[in-house]
Amino acid sequence: GDDHAYFPLGTHWTERGALAGTRAIVRSLAAAFPASAAVPDDVLAPRLLADPGDSLALQMYLGDVITQRAYAVQFAPGASRPISMDKSGGPREVVVDQADEALPRALVFHDSFGMPLPPLLGRHFSHALFRWQPDIDFALVERERPGVVLQVLSDRVLSLPPPREVE
């Protein structure tokens, strides 16, 4: 159908693509953090959104001619978790908290590809701070004291100067 992993008219992944990315990240963390991998993520049929999502059609003045659909991931009732999302830091910082101390804390540095991750990936941590900032802020790592630090970047940044290396 038209529920793609990436927006056909844009450059970013859809929520479906972000869910696939989330699952890959959680699988990679499973050996060290089995509680994170145990969080259920069964989904229902995707929900159609009114917003077309990431589309370059508007920039080309073709928004009324070329359209795409965007869908939201809906978790099954058994997979729903009571999380709180704080977006008071604006679009560049989102905090996801939930009352499950068995889960680790996370700090996620990302570029624009990380925008759909907080409600999907954040469910796998007791506290997760998502910061739209490609480079790792070591002072923030010290303040947050996370068990997991992730850097999620689009492959197109590989053509740019590399982010600072972690020592």
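This report describes the largest pocket, the surroundings of Gln68 and the pairing of strand β6 in a predicted model.

## The largest pocket

The largest pocket encloses about 550 Å³ of space, and of the 26 residues that line this pocket, those closest to its centre are Trp13, Glu15, Ser112, Met115 and Pro116. Sorted by character, the lining of the largest pocket comprises 13 nonpolar, 7 polar and 6 charged residues. Strand β4 (93-97) and helix α3 (118-121) each contribute at least two residues to this lining.

## Gln68 and its surroundings

Gln68 sits in the loop that runs between β1 (47-48) and β2 (71-72). With a relative accessible area of 12%, Gln68 counts as buried, because that value falls under the 20% cut-off.

The side chain of Gln68 has a polar atom 2.6 Å from the backbone oxygen of Asp54, and a polar atom of this side chain also lies 3.0 Å from the backbone oxygen of Pro52. Leaving aside residues up to four places away in sequence, Gln68 touches Phe7, Pro8 and Leu9, together with Pro52, Gly53, Asp54 and Ser55.

## Strand β6 and its partners

Strand β6, which spans residues 127-132, is mostly covered, with 5 of its 6 residues buried. Strand β4, which also supplies residues to the lining of the largest pocket, pairs with β6 in the antiparallel sense over 5 bridges, and here Val96 has Ala128 of β6 as its bridge partner.

Strand β5 (residues 105-110) runs parallel to β6 and is joined to it by 6 bridges; in this pairing, His110 stands opposite Trp132 of β6.

Technical notes. Residues are numbered from 1 along each chain as its sequence is written. This is a predicted model: local features need pLDDT of at least 70, side-chain atom pairs count only at pLDDT 80 or more; totals for chains, interfaces and linings use all residues. Side-chain values use heavy atoms; hydrogens and water are left out. On a 1 Å grid over the protein atoms alone, a cavity is a set of points where a 1.4 Å probe fits but cannot get out, and a pocket is an open set with protein on both sides within 12 Å along at least five of seven lines; lining residues have an atom within 4 Å of a point. Grid points are joined across faces, edges and corners, and a volume is the space filled by probe spheres set on the points. Helices (H or I, at least four residues) and strands (E, at least two) are DSSP runs, numbered from the N terminus. Ala, Val, Leu, Ile, Met, Phe, Trp, Tyr, Cys and Pro count as nonpolar, Asp, Glu, Lys and Arg as charged, and the others, Gly among them, as polar. Buried means under 20% relative accessible area, exposed over 50%, partly exposed in between (1.4 Å probe, protein chains only). A polar contact is a pair of N or O atoms within 3.5 Å; within protein, one must be able to donate a hydrogen and the other to accept it, and residues adjacent in sequence count only if both atoms are side-chain atoms. Contact means heavy atoms within 4.5 Å. Two strands pair if DSSP finds at least two bridges between them.
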